[in-house]
Amino acid sequence: MKAIAQEITEELLAVMDMYQRIARQLIDQLILETDQPDRTEILAGEYHLLTNADVIHGEEELTGNWYFDVHGEHCMFQNTETGQTLEVFLGSLRISRIRLRTCWISSNVWRHNMC
């Protein structure tokens, strides 16, 4: 049973790493491919200043068919071809893997509000 729990934990950590990598890529695209009014501050890490700015070159979506919607402290990305959707918290993209692991292991249940 312990081996199964370890396997599940490792799989969850791999998914978290993948989520963080994709989120970072999409936020970078959003910054580079839109006309953000506060670009300097955003590039310094102030992601909460991101807006639903126009995509440069008059496109409707980001590269790779990603639609985006900045709302409050989050940005929803949806791939218009695959339907994949990713909700990204703009307060901090530097979620510690150790912190996530601690949250998972301490409760054996993923609780978003703990992290």
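**Notes on the sheet and helix H1**

1. A good place to start is one cross-strand pair: Phe68 sits opposite Phe77 of strand E2. Please keep in mind that this is a predicted model, where local features need pLDDT of at least 70, side-chain atom pairs count only at pLDDT 80 or more, and totals for chains, interfaces and linings use all residues. Numbering starts from 1 along each chain as its sequence is written, and side-chain values use heavy atoms, with hydrogens and water left out.

2. The sheet is open, with 3 strands in the order E1-E2-E3 and antiparallel pairing (pairing takes at least two DSSP bridges between two strands; strands are DSSP runs of E, at least two residues, and helices runs of H or I, at least four, numbered from the N terminus). E1 (66–71) and E3 (85–89) are the edge strands with a single partner each, so one side of each has no neighbour in the sheet.

3. E1 and E2 (residues 74–79) run antiparallel and are joined by 6 bridges. Tyr67 also faces a partner in E2, namely Gln78. The hairpin of E1 and E2 has 2 residues between the strands, and Gly72 there takes a positive phi near 60 degrees.

4. Side chains alternate along E1: Trp66, Phe68 and Val70 point to one face and are buried (under 20% relative accessible area, 1.4 Å probe, protein chains only). Tyr67, Asp69 and His71 point to the other face and are not buried.

5. Helix H1 (residues 2–33) lies across E1, E2 and E3, at about 80 degrees to E3 (axes are lines fitted to C-alpha atoms, for helices over the stretch in contact, with angles from 0 to 180 degrees between N-to-C directions; contact means heavy atoms within 4.5 Å).

How values were computed. Buried < 20%, exposed > 50% of the residue type's maximum accessible area, 1.4 Å probe, protein only.
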